[in-house]
Amino acid sequence: WKIIKGLNFTTQLGARAISNNGKEFVTSYEIRDRVNPTIVRKARPINTLQETRNSSKELTLNSFLNYSTSLDKHTLAGLAGYSEIQNSGGSLTAFRQGFYNNDIQAIGQGTNDATKSNGGGETNWGLRSFFGRVNYAFDDKYLFEANARYDGSSRFSDNNRYSFFPSFSAGWRLSEEKFWGGLSNYVNEFKLRGSWGKTGNQAVDLYSYYSTLNLVTYSFNGAPVQGYTQQQLSSKDLTWETTTQSNIGLDAQFLNNRLSLGVDYYEKRTDGILLMLPVPATLGLLASPQNAGIVDNKGWEFAAGTRNKFGNFGLNVNLNFNINDNNVVDLAGTGPYITGSDIDPRYLTGEGYPIDSFWGYRTDGFFQTKADADKSPVFIRPALAGDIKYVDMNNDKVIDAKDMTFVGNPFPKYTFGSSWNLAYKGFNLNMLLQGASGHEVQLTRALVQSGTAEAFTHKIYTNNFWSPENPNARFPRPIKFETRNQVNSDFNTIDGDYIRLKNIQLQYQIPTALTKRLLVERMNVYVSGTNLLTFSKLNEWNLDPEKVSGWENYYPQVSLYTLGFNLQF
């Protein structure tokens, strides 16, 4: 709605509905010996069925009032807005077993006994926001912007539901000043800028501030009875997690805008991070999340580019390089917090470390002789030749959890990328590369068990175990059903650095003199590929370097080859 000149009103209403239905039927079967069919080698006598129903509905309303005007050297623009999201969802599950045969797979045909079960739940949440922005520019040299948000979330109690998030930024185009003078022949554009602002995060479980009751079953006079009890402490003071960030930077263009450069330095502090602070066991309730943690991120961002044309040849290149330091500043006098296990990644969140640092043992090769092993402190059991040698970090002659230490950072310290566009006459070649460095990935479960738990494992272990005949092997001796040589340590923490050719495309535009004869205005043919080439130490494990540590139960990114054409009539 164009109210008056420069003043417009816009409103948008969106709806989204999601419905997921799942059905998992596990058949009963027998596997008999080929030679003697009377012998059953493996069997699953009972079939089972699990069905799930999940649905959600969401309505989103956005309304904006925009105003802009200019007078002489002054330019002013403003925005006022309102946004609201309403979401409701539900789930239903059902389980039965003992179906007559594997062809009958209706939930009502399973055994109607105590083995059947069902469950479900409903959720509702909403988000309401008021926001505004003001932009002002004088003579296109002095730039200013102010933003403000007032957000309210149903995930918090009435007293903590709303929070205010302001931000400010300013810029100065020095290249437009008279004193820039002859520098403009070399530096066509030069701008200094700075900003400060706050943003909020409402990522907390629904109803965390409620003293909710849970359905339980207990025995009374020998009969099962249903009851309700509070199991988790409520957090009535729970509120928004707030990130405050300041930034200074510059933008520059050189040599008739052929070269560009951008540099930024930022400091970002996230306050009120949600932590599960411990509570006394005598309370009889589980801990609940509280706003207690502070984490800092500081770093640099660099961007450079070039745009050139030499006759029929064109070259556009953009590069970016980022440095980030992550550090846990405060845990409200608690911690450190250690999660995970010996066969899963073990993470540490502690003051002075990156958040979710890898925590484990230091190693010093393998024991080569029984005499050498006997001199070492015992860990799980007395060591033998071929076992991993764990370091006694505190020199107390015992290898235990007190010897665990920082063994890796899961977050890259450096990220970088580049895009290339080369053009020659009708041909156009595009490439996108990306990478990360300064971080580690921890191997767990089957990849570390090396087949000793009677499971499949990676071919990298083939003929690469320690033995008296192979003392320089890469891996320790295999020990069936034992975790001594598989616990979290720097031995199974791998350098996560990688460089990847993310995408490449070669395109050719067929001359219009030919296409117009076919009544086609424009025609392009192209061939492209995605994830074609990766350089990483994780390649030998056939792992995606963009994975997160833990179970390798993800579907990796695929390599994709595409051949196609575009027609415009």
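# A tour of selected side chains

Select Phe-302: with a relative accessibility of 30%, Phe-302 counts as partly exposed (buried is under 20% relative accessible area, exposed over 50% and partly exposed in between, with a 1.4 Å probe and protein chains only). This is a predicted model, in which local features need pLDDT of at least 70 and side-chain atom pairs count only at pLDDT 80 or more, while totals for chains, interfaces and linings use all residues. Residues are numbered from 1 along each chain as its sequence is written, and side-chain values use heavy atoms, with hydrogens and water left out.

## Aromatic rings

Keep Phe-302 selected and add Trp-300, which is partly exposed at 38% relative accessibility. The structure holds 27 aromatic pairs (rings of Phe, Tyr and Trp, the last by its six-membered ring, with centres within 6.5 Å; planes under 30 degrees apart are stacked, over 60 edge-to-face and the rest tilted). Trp-300 and Phe-302 are a stacked pair, because their ring centres are 5.9 Å apart and their planes are at 5°.

Next, select Tyr-461, Phe-465, Phe-475 and Trp-541 together. Ring pairs link these four residues, Tyr-461, Phe-465, Phe-475 and Trp-541, into a cluster.

Then go to Trp-125 and show Arg-155 with it. Arg-155 lies over the face of Trp-125, and the distance to the ring centre is 5.1 Å (a charge sits over a ring if NZ of Lys or CZ of Arg is within 6 Å of the ring centre and within 35 degrees of the ring normal).

## A surface patch and a strand residue

Select Phe-168 in strand β9, which covers residues 162-173 (strands are DSSP runs of E with at least two residues, helices runs of H or I with at least four, numbered from the N terminus). Phe-168 has a relative accessible area of 40% and is partly exposed. Now add Tyr-67, Leu-76, Val-134, Tyr-136, Phe-144 and Trp-196: together with Phe-168 they make a nonpolar surface patch of about 610 Å² (patch residues have over 30% relative accessible area and no salt bridge; like charges are joined within 9 Å, nonpolar side chains of Val, Leu, Ile, Met, Phe, Trp and Tyr within 5 Å; areas come from the Shrake-Rupley method).

Move to Phe-130, in strand β7 (residues 117-138). Phe-130 is partly exposed at 38% relative accessibility. Which residues is Phe-130 in contact with, leaving aside neighbours within four places in sequence? They are Gly-81, Tyr-82, Ala-148, Arg-149, Tyr-150 and Tyr-162 (contact means heavy atoms within 4.5 Å). To check a distance, pick the C-alpha atoms of Phe-130 and Gly-152: they are 8.8 Å apart, with their positions 22 residues apart along the chain.

## Salt bridges

Arg-149, one of the contacts of Phe-130, leads to the next stop. The structure holds 29 salt bridges (a side-chain nitrogen of Lys or Arg within 4 Å of a carboxyl oxygen of Asp or Glu). In one of these, Arg-149 meets Asp-151 at 3.1 Å, N to O. Arg-149 is partly exposed, with 34% relative accessible area, whereas Asp-151 is buried at 6%.

Select Asp-296 and Arg-269 next. Their closest N and O atoms are 2.8 Å apart, in a salt bridge. Asp-296 belongs to strand β15 (residues 289-310) and Arg-269 to strand β14 (residues 259-276), so the pair ties together parts 27 residues apart in sequence. Asp-296 is buried, at 11% relative accessible area; Arg-269 is partly exposed, at 37%.

The next pair is Asp-372 and Lys-389, a salt bridge with the closest N and O atoms 3.6 Å apart. Asp-372 is in helix α1 (residues 370-374) and Lys-389 in strand β21 (residues 388-390), so that pair links distant parts of the chain, 17 residues apart. Asp-372 is partly exposed, with a relative accessible area of 25%. Then select Asp-140, Arg-173, Glu-176 and Glu-189, which salt bridges with shared partners join into one network.

## Two loops

Go to Val-391, in the loop between β21 and β22 (405-408). Val-391 is partly exposed at 26% relative accessibility. Beyond residues up to four places away in sequence, Val-391 touches Arg-362, Thr-363, Asp-364, Ile-399 and Asp-403. The C-alpha atoms of Val-391 and Phe-179 are separated by 64 Å, and the two residues are 212 residues apart along the chain.

Finish at Lys-547, in the loop between β28 (522-536) and β29 (560-568). Is Lys-547 buried or exposed? Lys-547 is buried, with a relative accessible area of 10%. Not counting residues up to four places away in sequence, Lys-547 touches Val-441, Glu-552 and Tyr-554.

Terms used
Areas by Shrake-Rupley, 256 points an atom, 1.4 Å probe, with all protein chains shown as cover.
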